[in-house]
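User: I would like a close look at a single part of this model, followed outward to whatever it touches. Please take the time to connect the details into one account.

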Amino acid sequence: MLIVVCAQVVVVATWRLLSLVRADRIFSNASGVWVDTILWAIGIGWTSLVAMFVVVGLRADDPGLPLLMFVLVVGGAALGLLMIVMRGLLRRATTLRTEMETVI
Amino acid sequence: MSIVVRIDVELARRKMSVGEFAEKVGLTANVAVLKNGRAKAVRLSTLEAMCRVLGCQPGDLLEWVDD
């Protein structure tokens, strides 16, 4: 349930970021806020996924469901790490753009 | 900023407006930065274009102000 809410937050934040791209305001502070929102949502969703994985794994009879959940956990971790890299890139690009705006 | 870009004298000498100057130099996006004196850097290519349009030397356009 929490994971569904987190997914919706990620979708909304991504849509807001796309609006900023269209308005050519992506290299501003507003975009940083939305990227942080995405990162927090992914983090919270992933943590609850890990908790569910531990619970399911401890009381499982067959390895099917825990294996599937493990794949999801690894996938979620990869996504989160990718978003961290993207956030760093966006911050660097914003700094560079702000600096370049004072160059004639 | 301690280095000031002074184009007013040269513009007056050539009787050119700032807008016209900016268009000839190719500076349309940053005219405000130039006018308000908020420029923190000048590309050499821009400086070259400015000198060519105004027919002067870089030393005529840049001035060091000790503040």
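User: Which strands and helices of chain B do the buried residues of H4(B) pack against?

Analyst: This is a predicted model, and what follows should be read with that in mind. The buried residues of H4(B) pack against strand S1 (3-5), helix H1 (8-14), H2, helix H5 (58-61) and strand S2 (62-64) of chain B. The residues concerned are Thr46(B), Leu47(B), Ala49(B), Met50(B), Cys51(B), Val53(B) and Leu54(B), which are the buried residues of the helix.

Helix H4 of chain B, residues 44-54, also holds a salt bridge pair, since Arg52(B) and Glu48(B) both lie in it, four residues apart, about one turn of the helix. The closest N and O atoms of Arg52(B) and Glu48(B) are 2.6 Å apart. Arg52(B) counts as exposed because its relative accessible area is 58%, whereas Glu48(B), at 41% relative accessibility, is partly exposed. As general background, side chains of opposite charge can pair when their charged atoms come close.

H2 of chain B, one of the elements against which the buried residues of H4(B) pack, has a salt bridge as well, formed by Lys24(B) with Glu20(B), with the closest N and O atoms 3.5 Å apart. Because Lys24(B) and Glu20(B) are four residues apart in helix H2 (residues 18-25) of chain B, about one helical turn separates them. Lys24(B) is exposed, because its relative accessibility is 52%, while Glu20(B), with a relative accessible area of 38%, is partly exposed.

Just after the helix, H4(B) is followed by Gly55(B), whose phi is positive, near 65°. Gly55(B) is found in the loop between H4 and H5 of chain B. Leaving aside neighbours within four places in sequence, Gly55(B) is in contact with Arg13(B) and Arg14(B). Gly55(B) and Glu10(B), although 45 residues apart in sequence, are 8.7 Å apart in space, C-alpha to C-alpha.

Thr46(B) leads from the helix to the other chain. Thr46(B) is placed in helix H4 of chain B and counts as buried because its relative accessibility is 9%, under the 20% cut-off. Apart from neighbours within four places in sequence, Thr46(B) is in contact with Ile104(A), Val25(B) and Leu27(B), and a polar atom of the Thr46(B) side chain lies 3.3 Å from the backbone oxygen of Ile104(A).

That contact belongs to an interface in which five residues of chain A are in contact with eleven residues of chain B. The area buried between chain A and chain B is about 720 Å², and carbon and sulfur atoms give 61% of it. On the chain A side, Thr102(A), Val103(A) and Ile104(A) lose the most area to chain B, together accounting for 86% of what that side buries. Between chain A and chain B there are five residue pairs in polar contact, both residues of each pair being at pLDDT 80 or more, but the rule finds zero salt bridges across this interface.

Salt bridges are nevertheless present within the chains, and the count over all chains comes to seven. In chain A, the side chains of Arg87(A) and Asp36(A) meet in a salt bridge at 2.5 Å, N to O. This pair links distant parts of the chain, with Arg87(A) in helix H3 (residues 64-100) and Asp36(A) in helix H2 of chain A, 51 residues apart. Arg87(A) is partly exposed because its relative accessibility is 25%, and Asp36(A), with a relative accessible area of 29%, is also partly exposed. A network of salt bridges links Asp24(A), Arg97(A) and Glu101(A).

Chain A also carries a nonpolar surface patch of about 720 Å², made by Met1(A), Leu2(A), Val4(A), Val5(A), Val9(A), Trp40(A) and Ile44(A). Helix H1 (2-22) and helix H2 (29-58) of chain A each supply at least two residues of the patch, and the largest share, four residues, comes from H1(A). Val9(A), found in helix H1 of chain A, counts as partly exposed because its relative accessibility is 31%.

Notes
Residues are numbered from 1 along each chain as its sequence is written. Chains are lettered from A and ligands numbered from 1 in the order in which they are written. This is a predicted model: local features need pLDDT of at least 70, side-chain atom pairs count only at pLDDT 80 or more; totals for chains, interfaces and linings use all residues. Side-chain values use heavy atoms; hydrogens and water are left out. Patches are made of residues with over 30% relative accessible area and no salt bridge: like charges are joined within 9 Å, nonpolar side chains (Val, Leu, Ile, Met, Phe, Trp, Tyr) within 5 Å. Accessible areas come from the Shrake-Rupley method with a 1.4 Å probe; for residues, only the protein chains shown count as cover. A salt bridge is a side-chain nitrogen of Lys or Arg within 4 Å of a carboxyl oxygen of Asp or Glu. Buried means under 20% relative accessible area, exposed over 50%, partly exposed in between (1.4 Å probe, protein chains only). Contact means heavy atoms within 4.5 Å. Buried area is the accessible area (1.4 Å probe) that two parts lose on being put together, summed over both. A polar contact is a pair of N or O atoms within 3.5 Å; within protein, one must be able to donate a hydrogen and the other to accept it, and residues adjacent in sequence count only if both atoms are side-chain atoms.
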